[in-house]
Amino acid sequence: KPISIYGACKAASEIMIQTYSRLYKINSVILRLANIIGSRTTHGVIYDFINKLRKNPEVLEVLGDGMQKKSYLYIDDTIKAMEMTIDLFNEDVEGLEKVYNLGNEDWITVKEIAEIVIKEMNLGDTKIIYKPYTSDGRGWPGDVKFMLLDIEKIKKELGWRPEKSSREAVAATVKDLLKELFNT
């Protein structure tokens with residue numbers, strides 16, 4: 001039951017892939033991705049926080065109440081999982097359909113992400129202002145308040161598991177972006 005146009009488009013895309021796979025008897029693998037982060041990120045909460053703080057290190061405006069909890073997966077972990085799924089296309093099974101959730105085993109709040117960015121930018125007295133859009137603390141219509149994908153299937157069937165936790169992935173991404181964007 002998607003809560004946004006983005007989510008509805010993802011659900012529709014899955015149905016199209018699965019239908020095509022069945023009709024033409026070809027193998028398909030669908031990866032349902034969590035929030036993928038890492039070097040060369042050019043959008044999203046981490047990128048936005050860094051840019052806001054570069055403009056004004058005294059105040060950080062956060063969309064939502066900061067208690068949104070989401071899973072973040074570092075790009076290197078994502079690539080390893082994708083590489084592991086490639087072998088499924090070579091299986092001698094006509095029209096094989098696989099769907100895997102690809103995320104982390106934990107989650108992190110937006111408030112914690114803000115604190116990590118402030119710490120990594122060596123800012124001490126930054127005031128965080130929260131701007132909830134909805135009564136339950138979401139940042140905008142369609143914002144997912146809590147998101148943690150169940151990754152047991154890919155762990156069991158392919159033996160994949162993330163190397164970095166959500167917190168480690170966020171910290172590494174902040175460091176990557178600070179180096180890339182501002183040579184710090």
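Buried means under 20% relative accessible area, exposed over 50%, and partly exposed in between. Keep that scale handy for the exercises below, and keep in mind that this is a predicted model.

**Exercise 1. Work out whether aspartate 65 is buried, exposed or partly exposed, then do the same for its salt-bridge partner.**

Step 1: Aspartate 65 has a relative accessibility of 26%, so aspartate 65 counts as partly exposed.

Step 2: Now find the partner. Aspartate 65 forms a salt bridge with lysine 145, and the closest N and O atoms are 2.8 Å apart.

Step 3: Place the two on the chain. Aspartate 65 sits in the loop between β3 (59-63) and β4 (69-70), while lysine 145 sits in the loop between β8 (127-131) and β9 (146-147). With their positions 80 residues apart, the pair links distant parts of the chain.

Step 4: Lysine 145 comes in at 8%, so this partner counts as buried.

**Exercise 2. Describe the surroundings of alanine 34.**

Step 1: Start with the location: alanine 34 is in the loop between β1 (28-33) and β2 (35-37).

Step 2: Check the accessibility. Alanine 34 has a relative accessible area of 9%, so it is buried.

Step 3: List what it touches. Leaving out residues up to four places away in sequence, alanine 34 is in contact with Ser71, Leu102, Gly103, Met147 and Leu149.

Step 4: Compare with aspartate 65 from the previous exercise. The two are 31 residues apart along the chain, and their C-alpha atoms are separated by 21 Å.

**Exercise 3. Find which residues of helix α3 are buried, and where they sit around the axis.**

Step 1: Get the helix's dimensions. Helix α3 covers residues 75-86, 12 residues in total, and reaches 17 Å from its first C-alpha to its last. That is close to the 16 Å expected at 1.5 Å a residue.

Step 2: Pick out the buried residues of α3: Asp77, Thr78, Ala81 and Thr85.

Step 3: Look down the axis. These buried residues fall within an arc of 100 degrees, so they line one face of α3.

Step 4: Ask what covers them. The cover includes strands β1, β2, β5 (72-74) and β6 (97-102), along with helix α5 (152-158).

**Exercise 4. Take the salt bridges of glutamate 97 and lysine 155 and say what each one connects.**

Step 1: For context, a search of the whole structure turns up 12 salt bridges.

Step 2: Glutamate 97 meets arginine 22 through their side chains, at 2.8 Å from N to O. Glutamate 97 belongs to strand β6 and arginine 22 to helix α1 (residues 5-24), so this pair links distant parts of the chain, 75 residues apart.

Step 3: Glutamate 97 has a relative accessible area of 28%, which makes it partly exposed. Arginine 22, at 48%, is partly exposed too.

Step 4: Lysine 155 pairs with glutamate 105 at 2.5 Å, N to O. Since lysine 155 lies in helix α5 and glutamate 105 in the loop between β6 and β7 (108-109), the bridge ties together parts that are 50 residues apart in sequence.

Step 5: Here the accessibilities fall in two classes: lysine 155, at 16%, counts as buried, whereas glutamate 105, at 40%, counts as partly exposed.

Step 6: Finally, follow the shared partners. Salt bridges join Glu105, Glu152, Lys155 and Arg161 into one network.

**Exercise 5. Classify the aromatic pairs, then look at the lysines that sit over tyrosine rings.**

Step 1: The structure holds 2 aromatic pairs. Tyrosine 20 and tyrosine 24 make a tilted one, 4.7 Å centre to centre with 45 degrees between the planes. Both lie in helix α1, 4 residues apart, or about one turn of the helix.

Step 2: Tryptophan 107 and phenylalanine 146 have ring centres 6.1 Å apart and planes at 55 degrees, so this pair is tilted. It links distant parts of the chain: tryptophan 107 is in the loop between β6 and β7, phenylalanine 146 in strand β9, 39 residues apart.

Step 3: Tryptophan 107, at 32%, counts as partly exposed, and phenylalanine 146, at 48%, counts as partly exposed.

Step 4: Now the lysines. The charged end of lysine 153 sits over the ring of tyrosine 100, 5.3 Å from its centre. Lysine 164 lies over the face of tyrosine 74, at 5.1 Å from the ring centre.

Methods. Residues numbered from 1 in each chain as written. Predicted model: local features only at pLDDT ≥ 70, side-chain atom pairs only at ≥ 80, totals over all residues. Heavy atoms only, no water. Helix = DSSP H or I, 4+ residues; strand = E, 2+ residues; numbered from the N terminus. Buried < 20%, exposed > 50% of the residue type's maximum accessible area, 1.4 Å probe, protein only. Contact = heavy atoms within 4.5 Å. Expected span 1.5 Å × (residues − 1). Arc of directions from axis to C-beta. Salt bridge = Lys/Arg side-chain N within 4 Å of Asp/Glu carboxyl O. Phe/Tyr/Trp six-rings, centres within 6.5 Å; stacked < 30°, edge-to-face > 60°. Lys NZ or Arg CZ within 6 Å of the ring centre and 35° of its normal.
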